[in-house]
Amino acid sequence: MTPIPELHEALTGESYAASPASIIDGLAPNLAHTAIPGAPRTIYAELWHIAYWQQMSLDWMRGLETPYPANTSIPFPTAEDIANEPWDDLRHRFLRTVDEAATLSRDPAALDRQVRCPSRPGEPTRTMSVADQLISLATHNAYHFGRLVLMRQMLNSWPPPSGGFTW
């Protein structure tokens, strides 16, 4: 398959909104951990969730059949996870793994490769191409990054220092 430039852009660039790196830029750790009235999670927890699924997707694309979480609380951080990974470390982990995913989006040999992606408990394992898995990942990330922008707006910390769309 020919590389899909827009897929790379959707993962790392300003395809649909501000880039993911800009969205998490310049946010103080205390704000990342601030509970926002009406929001189910903090910015930290949302980014941790994005990084969790990103790593899971990369595992699947590498042929590691990492099990699908048994329940909905697993792909969100525990108090121990939060204590063990400072905000800046989480940001760097996300940026490192999104770069890995974006690199795959430019690899014609990888895009057509079929990978097994475990499903929810009780559901059959799915098979999809790396390209399809990357599209799924970009869509998942876009959803959660939209939430992060709204949360930053609610904390009066938008736009970030590196810029960002303000409409």
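**Helix 1, the nonpolar core and helix 4**

The buried residues of helix 1 pack against three partners: helix 2 (20-23), helix 6 (87-104) and helix 8 (130-154). These contacts, like everything described here, come from a predicted model. The buried residues in question are L7, H8, A10 and L11, within a helix that covers residues 5-12. They all lie on the same side of helix 1, because the arc they cover around the axis is only 160 degrees.

One of these residues, L11, leads on to the interior of the model. The largest nonpolar core has 44 residues, and L11, L47, W87, F94, L134, F145 and L148 are the ones that touch the most other members. Two or more residues of this core come from each of helix 1, helix 4 (43-61), helix 6, helix 7 (108-111), strand 1 (114-117) and helix 8. Helix 4 gives the largest share, 12 residues. For a reader new to such structures, a general tendency is helpful here: in soluble globular proteins, nonpolar side chains tend to be buried together.

F145 shows what membership of the core looks like from a single residue. Leaving aside residues up to four places away in sequence, F145 touches Y16, P20, I23, I24, L47, I50 and F94. Two of these, L47 and F94, are listed with F145 among the core residues that touch the most other members.

Helix 4 deserves a closer look. Its 19 residues reach 27 Å from the first C-alpha to the last, close to the 27 Å expected at 1.5 Å a residue. Helix 4 is also mostly covered, with 18 of its 19 residues buried. Just after this helix, G63 takes a positive phi of about 90 degrees.

Aromatic side chains add further detail. Six aromatic pairs are found in a search of the whole structure. In one of them, W48 and Y52 are stacked, with 5.8 Å from centre to centre and 25 degrees between the planes. Both residues belong to helix 4 and are four residues apart, about one turn of the helix. An α-helix has 3.6 residues a turn, so residues three or four places apart point the same way. Both rings belong to buried residues: the relative accessible area is 9% for W48 and 18% for Y52. W48 and Y52 are also part of one aromatic cluster, together with W53, W60 and Y68.

A ring can have a charged partner as well. The charged end of R41 sits over the ring of F76, at 3.8 Å from the ring centre.

Conventions
Residues are numbered from 1 along each chain as its sequence is written. This is a predicted model: local features need pLDDT of at least 70, side-chain atom pairs count only at pLDDT 80 or more; totals for chains, interfaces and linings use all residues. Side-chain values use heavy atoms; hydrogens and water are left out. Buried means under 20% relative accessible area, exposed over 50%, partly exposed in between (1.4 Å probe, protein chains only). The arc is that of the directions from the helix axis to the C-beta atoms. Contact means heavy atoms within 4.5 Å. A nonpolar core is a set of buried Ala, Val, Leu, Ile, Met, Phe, Trp, Tyr and Cys residues joined through side-chain atoms within 4.5 Å. Rings of Phe, Tyr and Trp (its six-membered ring) pair if their centres lie within 6.5 Å; planes under 30 degrees apart count as stacked, over 60 as edge-to-face and the rest as tilted. A charge sits over a ring if NZ of Lys or CZ of Arg is within 6 Å of the ring centre and within 35 degrees of the ring normal. The expected span of a helix is 1.5 Å times one less than its number of residues.
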